[in-house]
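Okay, thanks everyone, let's get going. I'll put the structure up and walk through it piece by piece.

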Amino acid sequence: FYNYIIMTHSSGKKGLEYATKKREIDITRIKDFMVGYAPNIPTNLKSFLVSKGFNLKDLVKWGLLVERNGSTIDKFRDRVMQPIFNLKGEVVAFSGRYIGTVKEAPKYLNSPETLVYKKNEMLYGLYQAREHLKDNNFLIMVEGNIDILSSHRVGVGNIVAPLGTAFTINQAKLIKRFTNNLYFSFDTDEAGLKALIRSIGIAEEMELQHKVIDLTGFQDADELIR
């Protein structure tokens, strides 16, 4: 739904311009990762899903709608949407980047945890990264989803990111199913350094071979690539 809007619908033009011009995400990556846009229309997704026979309570439970002031509206509005895939390639959650002007709105809004989505047990980009591991027996870990889209655009596909959380033991166990080699490429600010130090500890605890990619001079992998 969100991908259809950004690719073909007039209400998705704002999202497409932000994605392609401001963040330099190319159309191939928008298709491959099913990037989308949720317009600033309170009942856009709601109307569509109700017309398909879905139950409102279920849609709230699964984190697509929220209840506000006695009514039920879309959870994601005026956001560039990035679906989160499980290892089977099924969409189980969303991360929405706000591109509006309301200062109080959170920059990123993620799906709540559900029966099929446990954020500390999953990694963004791992589904797409698996085929790239055949040629490169290591995974690069970055902090942001956009870093991953940028990296794929320049041919670096063996790359993942935690889902709005610090690196966890469960994520480390998941990585070990595919490779024993992990390269960290975190943001170069103070928060990124703290996250790096903590993550190295987890890598050592799980006996993952690890290295750190030096991004000195750049904020993150996306800025380096651009």
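So, to start us off: how many helices and strands does the secondary structure of the protein come to? It comes to 10 helices and 10 strands. Just keep in mind that this is a predicted model.

On overall shape, the radius of gyration is 18 Å, and the globule rule gives 17 Å for 226 residues, so this protein is as compact as a globular protein of that length. If you lay the C-alpha trace along its principal axes, it spans about 50 × 35 × 35 Å. Buried residues account for 45% of the 226. And if you take the contacts with a separation of 6 or more, 64% of them come from residues 24 or more positions apart. On the outside, the protein exposes about 11900 Å², with carbon and sulfur atoms supplying 51% of that.

Okay, on to the inside. Which residues have the most contacts inside the largest nonpolar core? That core has 26 residues, and the ones to look at are Val-35, Ile-84, Tyr-117, Tyr-124, Val-142, Ile-148 and Leu-149. At least two core residues each come from α1, α2, β4, β5 and α7. Of the contributors, α7 gives the most, with 3 residues. There's also a second, separate core of 19 residues, and Ala-172, Phe-184, Phe-186 and Leu-196 are among them.

Let me zoom in on Ile-84 for a second. Leaving out residues up to four places away in sequence, Ile-84 touches a whole list of partners, including the run Glu-90, Val-91, Val-92, Ala-93, Phe-94 and Ser-95. Tyr-117 and Tyr-124 are on that list of contacts too, and those two were also named among the residues with the most contacts in the core.

Now for a couple of helices. Here's the bit of geometry to have in your head: an α-helix has 3.6 residues a turn, so residues three or four places apart point the same way.

Take α2, residues 13–22. Gly-15, Tyr-18 and Ala-19 are buried there. Looking down the axis of α2, the buried residues fall within an arc of 90°, so they line one face of the helix. Flip to the other side of α2 and you find Lys-13 and Lys-21, both exposed. What covers the buried side? The cover over the buried residues of α2 includes α1, α3, β1, β4 and β5. Just past the end of α2, Glu-24 has a positive phi of about 55°.

Then there's α4, residues 44–51, where Leu-45, Lys-46 and Leu-49 are buried. Yes, there's a lysine in that buried set. Down the axis of α4, the buried residues sit within an arc of 100°, so again they line one face of the helix. They pack against α1, α5, β2 and β3. After α4 comes Gly-53, and its phi is positive, near 95°.

Since α4 leads us to β2 and β3, let's look at those. In which sense do β2 and β3 pair? The pairing is antiparallel, over 4 bridges, with β2 at residues 65–68 and β3 at 71–74. As an example of the register, Glu-67 has Thr-72 in β3 as its bridge partner. The hairpin has 2 residues between the strands, and Asn-69 takes a positive phi there, near 50°.

Further along the chain, what's the strand order in the open sheet of 4 strands? Reading across, it goes β8-β7-β9-β10, with parallel pairing. The edge strands are β8 and β10, each pairing on one side only. Between β7 and β8 there are 2 bridges, and Met-141 stands opposite Val-160 in β8.

One last stop, Asp-189. Where does Asp-189 lie? You'll find Asp-189 in the loop between β9 and α9. Is Asp-189 buried or partly exposed? With a relative accessible area of 32%, Asp-189 counts as partly exposed, because buried would need to be under 20%. Asp-220 is 31 residues away in sequence, but the two aspartates are 8.9 Å apart in space, C-alpha to C-alpha.

That's my tour. Shout if you want to go back to any of the views.

Terms used:
Residues are numbered from 1 along each chain as its sequence is written. This is a predicted model: local features need pLDDT of at least 70, side-chain atom pairs count only at pLDDT 80 or more; totals for chains, interfaces and linings use all residues. Side-chain values use heavy atoms; hydrogens and water are left out. Two strands pair if DSSP finds at least two bridges between them. Buried means under 20% relative accessible area, exposed over 50%, partly exposed in between (1.4 Å probe, protein chains only). The arc is that of the directions from the helix axis to the C-beta atoms. Contact means heavy atoms within 4.5 Å. A nonpolar core is a set of buried Ala, Val, Leu, Ile, Met, Phe, Trp, Tyr and Cys residues joined through side-chain atoms within 4.5 Å. The radius of gyration is taken over C-alpha atoms; the globule rule is 2.2 Å times the number of residues to the power 0.38. Accessible areas come from the Shrake-Rupley method with a 1.4 Å probe; for residues, only the protein chains shown count as cover.
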